[in-house]
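Here are some worked exercises on chain shape, helix packing, chain contacts and buried residues. Try each task with the model open, then read the solution.

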Amino acid sequence: MDLLAHLPALQVVVPMLSAPLIVLLQPRGLAWAGATAVAVLSFAIAVALSIAVLDGQTIEYAMGGWPAPYGIALSVDAFSALVLLVITGAAAAALLGAKPSIDQQIEVERHPLFYSAWLLVLSGLVGIVVSADAFNIFVFMEISSLASYILIAGGPDRRALPAVFKYLMMGTIGATFYLIGVGLIYMMTGTLNLADMEARIGDVTDINPILVAAGFITIGLALKAAVFPLHVWVPNAYTHAPHMVTVFLAACATKVALYVLIRFDYMVFQATLDAHEIQFAIFMMPLAILGILIASAVAMFEGHLKRLLASSSIAQIGYILLGVSFVSMAGLSASAMHIFNHALAKGGLFLAVACLAYQYRDLRLDQLGGASTRMPWTCAAFVVCGLSLIGVPGTAGFISKWMLINAALETGPWGWGLVAIILVSSLMAVVYIWRIVEALYFQAPVEGEAPLSEAPVQLLLITGLVAVLNIYFGLFPQVPLELANSAAALLLEGSR
Amino acid sequence: MNFLELLGYFNYWVFAIILTVGLYAVINKTNLIKKLIGLSIFQSAVFLMYITMDKVEGGTAPIIQKGVEDQIFSNPLPQVLILTAIVVGVSTLSLGLAMVVRISECYGTIEENEILDAD
Amino acid sequence: MTPETAILVAIGIPLLGALAIALAGRISPNLREAATAITSLSLIWVVWGLLPILMDGGRPSVEVSQVMPGLTIAFTVEPLGMLFAALASGLWLINSIYSVGYMRGNKEQNQTRFFACFALALSATIGVAFAGNLFTLFLFYELLTLSTYPLVAHKGDAATVRSARIYLGVLLSTSIGLFLPAIIWTYTVAGTGDFTTGGILAGKLNDPEIGLLLGLFVFGVGKAAVMPVHKWLPAAMVAPTPVSALLHAVAVVKAGVFTITKIIVYIFGIDFLFEASSSQWLLYAAAFTIITASLVALRQTNIKRLLAYSTIAQLSYVVMAAAILKPLAEVGAAIHMVAHAFGKITLFFAAGAIYIASKKTEIHQLRGIGRRMPWTMAAFTIGALSMIGVPPTGGFVSKWYILAGAFEANNLVAVFTIIASTVLNAAYFLPILYMVWFEREKEGGKEHGEAPFLAVLALCLTALLTLAFFLFNGPVIELESQVVQGLG
């Protein structure tokens, strides 16, 4: 077997095994370098995997040579490759720029542990994505969640602690719900392998436990994915986490739960349960729409920069869910695309926030006056990523909105109503992004602040790079688009 | 469904009751330690469910013995799974307790409403 | 340079220019101004270099990227866009000369940001002009809105930011809320958004829907300022005068009417639209805007706001001319874009020059100012006469063509509107001219002379252009006649 065949395993194993090694590295300054190297390597693996599955094929991997469904199986297809790119890309980009910000926020003695937890989050998240086994998904989910609680609580802000506690409670309940669902399915089918489950559910005579399982799994994962109205843990957790942690988690953490949700509903239940797609749509679409509208409205009146962006994340999850709830090729590829594009936009925004936070202690909007003259590059990057979030043409965000609107139109007469909702929420995004822009560009500086300068070059370069990528993928979206399209095709094929 | 059949699902009834008791504590208690206790009860319910479903009537522990043929075993897989889940549960609990310690250091209280008032 | 690369270069030059200006601004203001001058000169060289090809009937086009199947970023140069690009790039040079005088004369803050954003706005304008399909046009249309926002909000005080918010709010919400759905609808119905001679919608839509789609387009293109989406234009007058002059008399507003004209000609097709009874309302909406805006202009006391409302009225001339749906009128629409651009930029330059020299912004303060600023006010007079449509100014030519088109279509509403608005234009410009030249200045006023030389030079140049366009408009008409060749 050549190296390529082992890539799915390496994707998980490399960060997981390096995590404890990072703790041992001496001197402590090396921890950052080590973690970054691992994250970049993971990204390289993800890129290699994406290239391998670009034509729509699926890479199967049997751990230890035990074939599925007896052994532990990993599988990578176009959809997982897309999400892998997002996770590893976010982890690598955030780490590459992270050093100045982390140095400022976390004392040096704890750096090895912090970076080790970071790699554990990374390996947990990629583990969820490559796993083809329902129980392993649970284990990886808990690895990533536990490690991310540590990351969020690692900062100097004491308000992070109650926020993490709430996250821990809700996250654990979500994971346990998921576990109940998996248990019920196992009880009826005797398998944990996702593909096997799909094959065997059809033979189950008493379908009721499966229906209950579908409910538990959907609710549990919706909790983890911060689907409205199960999102209450998000704003505080994102607001008080160390800034670079927010970059990483906001870009990918909730989307991974959403990925599992989509996998389960499309690959396992869609083909086997009667009228599942209708129930799914009826259940999810109102939640998605309410989430989009209410969270955007909350963001419009929010006064704290990070909390505002966190609210907007909840609305964006709604977009992804909306596309999924169409149960159509166009809708699914729009959602897959939005997973990618929103990670770019929101990751970039939070990177710019990290730059601002390096100089500004207080991130409330009315404290940010004069930022544009002191930190012109940061503000420019913020504006570009903000435009992408709004969905202005020429940026990545536009692509997925356009796809989503087209998918909505395909749904029939209701389509125009959905289009109206998408457009109204885009205008709401204009309002909340522009409140920030006005604060950055036209507000008088707060008296008594020391003269400020730009953020450190390292952080700034990464922020600028992500901003440029937002434009690049707005003009040349072919690669993620191809992945998203074959992902949608695979998911729908699975449901037939 | 007659009474005996209902009794036949005894373990599942207990599972459901423990699950709700745990969930109730998580939602309704303001003391963070009590919340964690609730969370543990909640998770234990799931362990019970897994263990129940692997039981085969008349089955013993799945150990192959010399000379004993056509022995009936209980299904070992859920037990292994639940072993893992217990480890996960313990880690969650210990991390939660560590958070409570930090909260207590920073806020001087572990009552949720008092913490909310403090900020 | 092949014509295809020339298109891309034309869009790239101001972009690079913006970068160069931003960098040069850190070193010295003179270097920055040199960067602006070099950028605008090279832009003219590239854009005007395309003219001979267009005259020979060439239609260079280039595709940059296929964003999604059916959705491409592509550019095609056709006569309407060529005219618009040539106009914008040419006037940018003159406006840059004027800007230097104005910004230095007023000692404005953040001049580097100003000039850099100006270059960015020009890049977007050229992009709008050369766009080969609706999607590309929309992309640059939004870029134009965004790049002009910092220019409008330039002063940065609370009142300015509030006005800039109106500016951005109206333009973005109409474009996202109406223009984008219209584009999506078009793509869904026609399967393409390419600008095609004769239109792409013929036979694909039926009557009430045609009117609805047209409505989405007309009000979605907020830059055309057809009432009731005109509020942003008076709000934008808080910007420094060079911005009002080039952007809110030429580039931005013309991008609006240009877009509408292009959509009528190349998306709907004028014959198709002429047959559809549900498209009639556009003519009335434009006529209503012309009359109402002129009436509002009568009541204005601030010079720039008066000019803004006059612009709203003049823009609807173009829309109305396009809505007459006859070849002659379409040519008239194109010519009026040019004629109005020359006249209105002169008027704005003059208003700015008055402000630099005397800080006067209100009309009643202008008594007798003609004696202090003879050059400026002479140019102002020429501009005003062109707005009314008096020969020998450019405004006469375009009105002639629009009237001819109206008679050809037997459209008495249009004829009546043109006559009525001419009277109204005269009613608000002539009293000012009388006041400027023949009334006596109030005692105790500030002593002042002409504005800085660069500003006066620029406004004299545009005044000359206004006069010259009356005589030398042949090439323009010849070029624009290609648009409607074989139609009607």
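For a pair of packed helices, the axes are lines fitted to the C-alpha atoms over the stretch in contact, and the angle between the N-to-C directions runs from 0 to 180 degrees. Please keep in mind that this is a predicted model.

**Exercise 1: a helix pair**

Task: Describe how H1(C) and H2(C) pack, and work out which label fits their relative direction.

Solution.
- Step 1. Locate the two helices: H1 covers residues 3–27 of chain C, and H2 covers residues 29–49 of chain C.
- Step 2. Take the geometry: the angle is about 175°, and the axes are 8 Å apart.
- Step 3. Apply the cut-off: angles over 145 degrees count as roughly antiparallel. H1(C) and H2(C) are therefore roughly antiparallel to each other.
- Step 4. Look at the residues that meet. On the H1(C) side they include C:Ala6, C:Val9, C:Ile13 and C:Gly17; on the H2(C) side they include C:Leu31, C:Arg32, C:Thr39 and C:Val46.
- Step 5. Sort the contact by class: there are 14 nonpolar residues, six polar and one charged.

**Exercise 2: the shapes of chains B and C**

Task: Set the radius of gyration of chain C against the globule rule, then do the exercise again for chain B.

Solution.
- Step 1. Start with the make-up of chain C, which has 20 helices and two strands.
- Step 2. Its radius of gyration is 21 Å, close to the 23 Å that the rule gives for 488 residues, so chain C is as compact as a globular protein of that length.
- Step 3. Add the extents: the C-alpha trace of chain C spans about 70 × 55 × 45 Å along its principal axes.
- Step 4. Check burial and contact range. Of the 488 residues in chain C, 61% count as buried. Among its contacts with a separation of 6 or more, 81% come from residues 24 or more positions apart.
- Step 5. Turn to chain B, with five helices and zero strands, in the order α-α-α-α-α along the sequence.
- Step 6. Chain B has a radius of gyration of 20 Å, whereas a compact globule of 119 residues would have one near 14 Å.
- Step 7. The C-alpha trace of chain B spans about 65 × 40 × 10 Å along its principal axes. In this chain 24% of the 119 residues are buried, and 49% of the contacts between residues at least 6 apart in sequence join residues at least 24 apart.

**Exercise 3: which chains touch**

Task: Find out which of the two pairs of chains in contact shares the most contacts, and describe both.

Solution.
- Step 1. Chains A and B share the most contacts.
- Step 2. In that pair, 24 residues of chain B are in contact with 21 residues of chain A. On the chain B side, helix H3 (32–54) and helix H4 (76–107) each give two or more residues, with the largest share, 12 residues, from H4(B).
- Step 3. By class, this side of chain B has 16 nonpolar residues, five polar and three charged.
- Step 4. The contact of chain A with chain C takes 18 residues from chain A and 20 residues from chain C. Here helix H16 (396–410) and helix H17 (415–442) of chain A each supply at least two residues, and H17(A) brings the largest share, eight residues.
- Step 5. This side of chain A has 15 nonpolar residues, two polar and one charged.
- Step 6. Chain B and chain C do not touch, and their nearest C-alpha atoms are 33 Å apart.

**Exercise 4: inside the core**

Task: Say which residues have the most contacts inside the largest nonpolar core, and decide whether A:Leu261 is buried or exposed.

Solution.
- Step 1. The largest nonpolar core has 449 residues, and A:Leu82, A:Ile87 and A:Val164 have the most contacts inside it.
- Step 2. Helix H14 (residues 327–358) of chain C provides the largest share of this core, 22 residues.
- Step 3. Beyond its neighbours within four places in sequence, A:Ile87 is in contact with residues including A:Leu122, A:Val126 and A:Cys252.
- Step 4. Now find A:Leu261 in helix H10 (residues 243–269) of chain A. A residue is buried if 20 or more other C-beta atoms lie within 10 Å of its own; A:Leu261 has 24, so it is buried.
- Step 5. Leaving aside neighbours within four places in sequence, A:Leu261 is in contact with A:Thr218, A:Leu221, A:Ala222 and A:Ala225.

Note on methods
Residues numbered from 1 in each chain as written. Chains lettered and ligands numbered in written order. Predicted model: local features only at pLDDT ≥ 70, side-chain atom pairs only at ≥ 80, totals over all residues. Core = buried A, V, L, I, M, F, W, Y, C linked by C-beta atoms within 7 Å. Buried ≥ 20, exposed ≤ 12 C-beta atoms within 10 Å, placed from the backbone. Helix = DSSP H or I, 4+ residues; strand = E, 2+ residues; numbered from the N terminus. Contact = placed C-beta atoms within 7 Å. Rg over C-alpha atoms; globule rule 2.2 N^0.38 Å. Nonpolar A, V, L, I, M, F, W, Y, C, P; charged D, E, K, R; others polar. Parallel < 35°, antiparallel > 145°, perpendicular 65-115°, else oblique.
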